[in-house]
Amino acid sequence: MYSRIAGTGSYLPEKVLTNFDLEKMVDTSDEWIRTRTGIERRHIAAEHETTSDLAYRAAVAAMDSAGVDGSDIDLVLVGTTTPDLVFPNVGCLLQERLGIRNGPAFSLEAACSGFIYGLTVADAMLKSGQARRALVVGAETMSRIVDWTERETCVLFGDGAGAVVLEASDEPGIVYAKLGADGRYRDLLYASSGVSKPKEEGESGLLRMKGNEVFKVAVKTLETMVDEVLESNRLDKGEIDWLIPHQANIRIIQATAKRLQMPMERVVLTVAEHGNTSAASVPLALDVAVRDGRVKRGDLLLLEAFGGGFTWGAVLVRY
Ligand code: ACO
């Protein structure tokens, strides 16, 4: 028994914030942002828009492309670190709006790796017969936890959502999934307040990051991870058709592609359009490449992410 991706969807909020807009808000430049990160613009949720609103739009698109409705889904799993509420979880909020009445619904926090974690958990649940068809979403409103006065971080993040419908299948599908985490790096990238930890005196309570240290660990971890993926699956470099990476920084993505000896034409890049949308970025990039015809049925895809925690993960998919 395997699970396979039956449909994809994504959504970006209407409001666009360009690098030039940011020049007016903090001491930065379009040139600095583009050369260091590859980002040109990001989308920002409207005041009334929440993570579940973005997730809903992406989920509807994914369900349409899979040709299913709420009665066909029996598992909802949302990767997010910016949920609407403490509870009900975003999965339950989605379940209600989409008319899904069967099976569990939950969200899972793994920062930028949230979708990869969610896909891996859903795959395991489908393989073990606990569900037949899952809606797996990555959705974030990072703009709500970014410090808009801090140039080191505010230029990097954006809001968005991506989703897939994953269904039980006799054929692959997901052929391999591997997750990792190392909590010793908790202080390199974190939100400095939360539900049970109030913000400290003199703290903003918002996202904090030691960017260049994150960069180094991200590159090294992703390189080790892709080596493991190739080895465990007895794949030669060059056998993967598409790399669909977490869209945080073009230089991190280039380093991973180099390790795989993949030309950048085989890497799906959307970071310029929306910056780092955390858990949303991998399904967003996947949906873009499916809809523009680059990713075709039968292609071998490597989806990977790295994020706060640190957390990381890779999923190999025969699309
Ligand atoms: N505009 C202009 N100058 C800036 C900006 C900005 N927005 N931000 C920082 N600078 C300045 C710094 O103050 C520093 O100035 P100084 O030399 O006078 O002290 C200089 O630019 C260099 O700063 P560094 O932090 O060393 O720059 P670096 O080359 O490391 O690039 C960046 C910074 C883009 C954050 C990079 O480290 C990075 O991408 N790290 C990964 C972070 C990331 O992606 N995190 C997301 C979650 S984890 C993940 O998804 C992989």
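Start by selecting His 246 and the ligand: a polar side-chain atom of His 246 sits 2.9 Å from an oxygen atom of the ligand. Keep in mind that you're looking at a predicted model.

Leave the ligand on screen and pull up Thr 28. An N or O atom in the Thr 28 side chain is 2.6 Å from a nitrogen atom of the ligand. Next, pick Asn 212, where a side-chain N or O atom lies 3.2 Å from an oxygen atom of the ligand. If you switch on a surface, here's what to expect: the ligand on its own exposes 1000 Å², and the protein buries 74% of that.

Now widen the selection to the whole shell. The ligand has 23 residues around it, with Thr 28, Arg 36, Arg 151, His 246 and Asn 249 the closest. Color the shell by class and you'll get 11 nonpolar, seven polar and five charged residues. Color by secondary structure instead, and the elements giving two or more residues are α2 (30-37), α6 (151-154), α7 and α8. Which element supplies the largest share of this shell? That's α7, with four residues.

Stay with the helices and move over to the nonpolar packing. The largest nonpolar core has 43 residues, and the members touching the most others are Ile 240, Leu 243, Leu 260, Leu 302, Phe 306, Phe 310 and Leu 316. Highlight α7 (211-232), α8 (250-259), β12 (300-307) and β13 (311-318), since each of them supplies at least two residues of this core. Once again α7 is worth a click: its nine residues are the most any element gives to this core.

Zoom in on Leu 316 for a close-up. Setting aside residues up to four places away in sequence, Leu 316 touches Gly 173, Ile 174, Val 175, Tyr 176, Val 229, Asn 233, Leu 235, Ile 240, Leu 300, Leu 301 and Leu 302. Apart from this core there's another one, made of 32 residues, including Ile 5, Met 125, Leu 166 and Val 282. As a rule, nonpolar side chains in soluble globular proteins tend to be buried together.

Val 282 takes you to the last stop, since Val 282 belongs to α10. Select residues 281-291 to see this helix, which is mostly covered, with eight of its 11 residues buried. The buried ones are Ser 281, Val 282, Pro 283, Leu 284, Ala 285, Leu 286, Asp 287 and Ala 289. Finish on the backbone just after α10, at Gly 293, which takes a positive phi of about 90°.

How values were computed
Residues numbered from 1 in each chain as written. Predicted model: local features only at pLDDT ≥ 70, side-chain atom pairs only at ≥ 80, totals over all residues. Heavy atoms only, no water. Core = buried A, V, L, I, M, F, W, Y, C linked by side-chain atoms within 4.5 Å. Buried < 20%, exposed > 50% of the residue type's maximum accessible area, 1.4 Å probe, protein only. Contact = heavy atoms within 4.5 Å. Near = heavy atom within 4 Å. Polar contact = N/O pair within 3.5 Å; in protein donor to acceptor, adjacent residues only side chain to side chain. Areas by Shrake-Rupley, 256 points an atom, 1.4 Å probe, with all protein chains shown as cover. Nonpolar A, V, L, I, M, F, W, Y, C, P; charged D, E, K, R; others polar.
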